Amino acid sequence: MENSTYNFTPLPGYENFEATTQIIIAEILRRKLPFEIIDADNNLLAVTFNDKEYIIHEGTISDANSLIAYWISNDKWMTRQFLKRQNIRQAQGVLLLRNYADQQLSVINFPAVVKPANTDHGIAVSTNIQTTDELKKAIEHAFQYSDKVIVEEFFSGWEYRFLVIDSEVRAIAYREPANVSGDGQHTIRQLVELKNKGRGTDYRHPLLKITIDDEVLRHLKASSLNPDSILKPGEKVYLRKNSNLSTGGDSIDVTDNMPDFYKQVAIRAAQAGGLNIAGIDIIIQAIDQTPSPENYIVVELNAPAMLSMHDFPYIGKNRQVEKYVLDSILNSK
């Protein structure tokens with residue numbers, strides 16, 4: 001088993017808020033600033049500082065980012081235009097509407113990635129697609145969630161989330177897909193149960209439980225495994241491809257190991273979309289290789305940036321990013 005450092009305790013009295021909101025409330029309480037909960041179910045609050053009121057939604061949505069910057073980051077195709085203007089490397093891609101023509105797909109080389117243009121949390125994203133048949137099924141699936149679908153060339157590597165606040169990288173997390181490591185005794189199902197302790201079923205917790213669903217079963221079957229298989233000591237098995245924390249992925253802090261080259265890429269990407277608070281997703285082939293433009297792509301910009309993965313990673317130290325986020329918000333007027 002890895003040496004997890006995960007130790008999240010919900011903020012007393014605010015346990016029903018998302019973890020990112022709890023982290024911001026804790027910082028507001030530390031600073032003894034007057035604040036009001038406007039709508040607890042929607043993680044909506046107001047804080048007063050220097051006789052000005054600041055509205056904060058879900059911990060990071062605020063006046064720190066302009067409305068247009070928020071909308072640019074909310075639309076993955078629009079994001080691409082702004083990255084392109086700054087010559088920031090991204091995957092070759094096409095935008096499809098429902099009545100798309102097959103020849104539009106001819107510019108994309110396999111393997112491919114399909115994603116709705118405006119969903120988050122990895123909803124309906126299919127990666128490493130190898131055939132035209134698979135591609136069409138993935139496109140059809142994505143259209144169930146959005147009127148616009150993006151098809152891109154697959155770029156193999158490791159995906160990192162850079163938290164950029166006011167043009168400085170404050171934390172970097174590697175999000176590892178849901179996985180378990182064997183001990184020679186427990187089944188995969190039992191290992192999942194053990195790993196799920198302390199995890200939640202929603203964003204009130206920084207890490208979410210792993211669910212053994214059809215995707216996990218398919219993934220195990222491809223490796224000739226099933227939930228009752230017993231893994232050898234130290235044998236690690238990935239349960240799905242996507243690295244979203246919403247599907248049980250692990251956040252691993254790598255802030256101190258990341259070459260400055262990629263930190264600068266993240267800062268430029270945030271600036272390209274006009275974001276003061278941003279979660280920048282970058283796929284890098286190998287951070288121990290000499291950094292180069294061929295070694296990475298920027299995947300997307302996120303205006304609502306999840307803070308809990310950086311304060312309560314599965315492995316690594318608490319980066320206390322809420323200090324910088326609240327400073328950014330309180331300096332926005």
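The points below concern the nonpolar cores, one helix and one pocket of this structure, which is a predicted model.

1. The largest nonpolar core has 28 residues, and Phe-162, Ile-280, Ile-282 and Val-298 are those that touch the most other members. Two or more residues each are given to this core by β8 (158–165), β9 (168–176), α7 (260–272), β13 (277–284) and β14, with the largest share, seven residues, coming from α7. Apart from this core lies another, of 24 residues, among them Leu-33, Tyr-54, Ile-56 and Val-325.

2. Val-298 deserves a separate look: leaving aside neighbours within four places in sequence, Val-298 is in contact with residues including Leu-83, Ile-88, Val-265, Ala-269, Ile-280 and Ile-282, and also with Arg-89, Gln-90 and Asp-281.

3. In helix α2 (residues 67–74), the buried residues are Ala-69, Ile-72 and Ser-73; they lie on the same side of α2 because they cover an arc of only 95 degrees around the axis. Leu-67 and Ile-68, on the other side of α2, are exposed, whereas the buried residues of the helix pack against α3 (76–85) and β14 (296–302).

4. The second largest pocket has a volume of about 740 Å³. It is lined by 23 residues, of which Val-125, Ser-126, Thr-127, Glu-215 and Arg-218 are the closest to its centre. The elements that contribute two or more residues to this lining are β6 (126–129), α4 (132–142) and α6 (214–222), and by residue type the lining divides into seven nonpolar, 10 polar and six charged.

Note on methods: Residues numbered from 1 in each chain as written. Predicted model: local features only at pLDDT ≥ 70, side-chain atom pairs only at ≥ 80, totals over all residues. Heavy atoms only, no water. 1 Å grid on protein atoms, 1.4 Å probe; cavity = no way out; pocket = protein on both sides within 12 Å on 5 of 7 lines; lining within 4 Å. Points joined across faces, edges and corners; volume = space filled by probe spheres on them. Helix = DSSP H or I, 4+ residues; strand = E, 2+ residues; numbered from the N terminus. Nonpolar A, V, L, I, M, F, W, Y, C, P; charged D, E, K, R; others polar. Buried < 20%, exposed > 50% of the residue type's maximum accessible area, 1.4 Å probe, protein only. Arc of directions from axis to C-beta. Contact = heavy atoms within 4.5 Å. Core = buried A, V, L, I, M, F, W, Y, C linked by side-chain atoms within 4.5 Å.
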